[in-house]
Amino acid sequence: MSIYKKQYTAALFNKIASYASISENSKSLIASIVTFQELSKGEMLLRNGQIASQIHFICKGALRAYVTDYDGNIYNKNIFLENDFAGSTVSYLKKTPSNFTLEALEKTVLISLNYKKYRHFIDTNTDLREFYIAYLEKNWIVDKEQREVALVMENATDRYLTLLENHPNIDQRIPQLHIAAHLGITPTQLSRIRKDLKNK
């Protein structure tokens with residue numbers, strides 16, 4: 001993986017730049033706290049009940065966040081792919097146990113940032129603070145609202161097509177049951193949608 005570290009770090013900074021530009025000094029600060037991590041398929045990154053201490057940037061691979069109810073039933077909360085940030089935001093903000101588990105759906109390479117140090121950099125550097133605010137606004141307000149509206153206003157086929165548009169090869173990488181859960185439908189419904197699209 002070492003030969004790719006420079007490439008992965010560049011991808012992280014490109015992601016940050018998509019929200020706000022940061023100085024070379026701020027890049028150096030961020031670079032000073034990154035660690036690289038590899039997960040095997042099925043390996044847990046964060047367990048339900050564990051207090052999160054890191055933010056993760058996915059360089060390669062896929063994660064799912066899932067919730068387990070009192071009866072042992074599992075519900076997918078989200079799927080994270082390359083160039084996504086992943087973690088339990090509520091857990092590391094409030095220092096409380098995570099309500100969900102993060103699991104690798106395939107071999108995954110991550111850049112992890114210590115949240116405490118990262119937060120200190122945000123508090124002491126205006127450009128990093130601007131990035132942080134822009135990221136939260138887009139992901140926790142704009143995108144969240146759009147996802148919620150889509151669940152109500154768009155049919156499952158449209159949501160599936162949007163997912164494929166954003167991640168063209170997701171069908172070959174992630175089991176259908178996880179994709180279905182991400183879309184808020186059953187695997188049978190997803191199978192029917194795929195069949196209908198194929199026959200068009």
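Colleague: Which residues touch the most other members of the largest nonpolar core?
Modeller: This is a predicted model, in which local features need pLDDT of at least 70, side-chain atom pairs count only at pLDDT 80 or more, and totals for chains, interfaces and linings use all residues. Residues are numbered from 1 along each chain as its sequence is written, and side-chain values use heavy atoms, with hydrogens and water left out. A nonpolar core is a set of buried (under 20% relative accessible area, 1.4 Å probe, protein chains only) Ala, Val, Leu, Ile, Met, Phe, Trp, Tyr and Cys residues joined through side-chain atoms within 4.5 Å. Among the 40 residues of the largest one, those with the most contacts to other members are L12, I30, L63, I111, Y118 and F131.

Colleague: Which helix supplies the largest share of this core?
Modeller: Helices are DSSP runs (H or I, at least four residues), numbered from the N terminus. The largest share of the core is 5 residues, and they come from helix α5 (residues 126-153).

Colleague: Which residues does I30 touch, not counting residues up to four places away in sequence?
Modeller: Contact here means heavy atoms within 4.5 Å. With those sequence neighbours left out, the partners of I30 are L12, F13, L113, Y118, F121 and L128.

Colleague: How many residues are in the second, separate core?
Modeller: Y160, I179, A180 and I193 are included in this second core. Its total is 15 residues.

Colleague: Is E24, which meets K27 in a salt bridge, buried or exposed?
Modeller: A salt bridge puts a side-chain nitrogen of Lys or Arg within 4 Å of a carboxyl oxygen of Asp or Glu, and for E24 and K27 the N to O distance is 3.5 Å. The two are 3 residues apart in helix α2 (residues 24-31), so about one helical turn separates them. K27, at 26% relative accessibility, counts as partly exposed (between 20% and 50%). Because E24 has 56% relative accessibility (over 50%), E24 counts as exposed.

Colleague: Which helices does the salt bridge between R194 and D171 tie together?
Modeller: The side chains of R194 and D171 meet at 3.6 Å, N to O. The pair ties together parts that are 23 residues apart in sequence, because R194 and D171 lie in helix α9 (residues 187-199) and helix α7 (residues 170-173).

Colleague: Where do D123 and R119 lie?
Modeller: Their salt bridge has its closest N and O atoms 3.4 Å apart. D123 and R119 are 4 residues apart, about one turn, and both lie in helix α4.
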